[in-house]
Amino acid sequence: MKQKVKATKARKSRANDEDIEPSSGNVFADLGFRDAEERLLKAKLATKIAQLIEQKGWTQTQTAERTGLDQPKVSHLLRGRLSGFSADRLFAVLNRLGHSVEVRISAKERSPKKTHTRVMIR
C-alpha cells in the first residue's frame, strides 16, 4: 500500500514541474490550425447534431433517410470526421432535423483582429 502512495506522489511532483499553458478556448487555434474558427464552428454544430440524433433515438440509417445524407456520411459526421462537411451543409442537416439556425452579423465594424465567430446553442 505504501508503494502506491509513493508512486502517486512522484506523479504529482512531476506534473507540477511541467509548464501549463492556458487554452485560448479554441483547441484548434491552440494546435496552430489556420482555419481554427471554422473547425471549431463545425465541431460545435456536429456535436449538437449528434445530441439531437441521440435524443431522437435514431440509427444511422434512420438519420440518413431523414437528412438526405447517406449512412457512411452520417457515420463520419457522428465520429467528428468533418472534412467533407461545410458549415452550410451542417446548417442544412440541422434544418432537416427540424431545428432553425440563425446567423447574426454585428452592426458595429471592428478591426479584423478583434472579430470572432461564436456558436450559441439554446
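**Entry 1: helices**

I count a run of at least four residues that DSSP marks H or I as a helix, and I number helices from the N terminus. The model I am looking at is predicted. I went through the protein for its elements and noted six helices and zero strands. Read from the N terminus on, the order is α-α-α-α-α-α. I noted four of the ranges for later use. Helix H1 covers 2–17, helix H2 covers residues 27–30, helix H3 covers residues 36–56, and helix H6 covers 87–96.

How much of the protein is buried? I found that buried residues are 22% of the 122 residues.

**Entry 2: a nonpolar patch**

I looked for nonpolar side chains on the surface. Val-27, Leu-31 and Phe-33 make a nonpolar patch there of about 280 Å². I checked where Val-27 sits, and the place is helix H2. Is Val-27 buried, partly exposed or exposed? Its relative accessibility is 46%, so I entered Val-27 as partly exposed. Phe-33 comes out at 34%, so I entered Phe-33 as partly exposed too. A residue needs over 30% relative accessible area to join a patch, and the 34% of Phe-33 fits that.

**Entry 3: an aromatic pair**

I stayed with Phe-33 and searched for ring pairs. The count came to one aromatic pair. Phe-28 and Phe-33 form this pair, with 6.1 Å from centre to centre and 65° between the planes. I wrote both values down because a pair of aromatic rings is described by the distance of the centres and the angle of the planes. Why is the pair called edge-to-face? Planes over 60 degrees apart count as edge-to-face, and the planes of Phe-28 and Phe-33 are at 65°, so the name applies.

**Entry 4: charged patches**

I looked for negative charge on the surface first. Glu-18, Asp-19, Glu-21 and Asp-30 form a negative patch. I placed Glu-18 in the loop between helix H1 and H2. With a relative accessible area of 55%, Glu-18 is exposed. The cut-off for exposed is over 50%.

Which residues gather in a patch of positive charge? I listed Arg-104, Lys-108, Arg-110, Lys-114 and Arg-118. I took Arg-110 as my example from this list, and it is found in the segment after helix H6. Its relative accessible area is 41%, so Arg-110 is partly exposed.

**Entry 5: a salt bridge**

I searched for salt bridges next, and the count came to one. Which residue forms a salt bridge with Arg-39? I found Asp-35, with 2.8 Å between the closest N and O atoms. The limit is 4 Å, so this pair of atoms qualifies. I also looked up the accessibility of both partners. Arg-39 has a relative accessible area of 32% and is partly exposed. Asp-35 is partly exposed as well, with 31%.

**Entry 6: pairs apart in sequence**

I compared sequence separation with distance in space for two pairs. Ala-43 and Leu-77 are 34 residues apart in sequence, and their C-alpha atoms are 9.4 Å apart. I placed Ala-43 in helix H3. Ala-43 has 23% relative accessibility and counts as partly exposed. Buried would require a value under 20%.

How far apart in space are Glu-102 and Phe-91? I noted 9.2 Å, C-alpha to C-alpha, for a separation of eleven residues in sequence. Glu-102 lies in the segment after H6. I entered Glu-102 as exposed, because its relative accessibility is 72%.

Conventions:
Residues are numbered from 1 along each chain as its sequence is written. This is a predicted model: local features need pLDDT of at least 70, side-chain atom pairs count only at pLDDT 80 or more; totals for chains, interfaces and linings use all residues. Side-chain values use heavy atoms; hydrogens and water are left out. Patches are made of residues with over 30% relative accessible area and no salt bridge: like charges are joined within 9 Å, nonpolar side chains (Val, Leu, Ile, Met, Phe, Trp, Tyr) within 5 Å. Accessible areas come from the Shrake-Rupley method with a 1.4 Å probe; for residues, only the protein chains shown count as cover. Helices (H or I, at least four residues) and strands (E, at least two) are DSSP runs, numbered from the N terminus. Buried means under 20% relative accessible area, exposed over 50%, partly exposed in between (1.4 Å probe, protein chains only). Lys and Arg count as positive and Asp and Glu as negative; His and the chain ends are not counted. The place of a charge is taken as NZ of Lys, CZ of Arg, CG of Asp or CD of Glu. Rings of Phe, Tyr and Trp (its six-membered ring) pair if their centres lie within 6.5 Å; planes under 30 degrees apart count as stacked, over 60 as edge-to-face and the rest as tilted.
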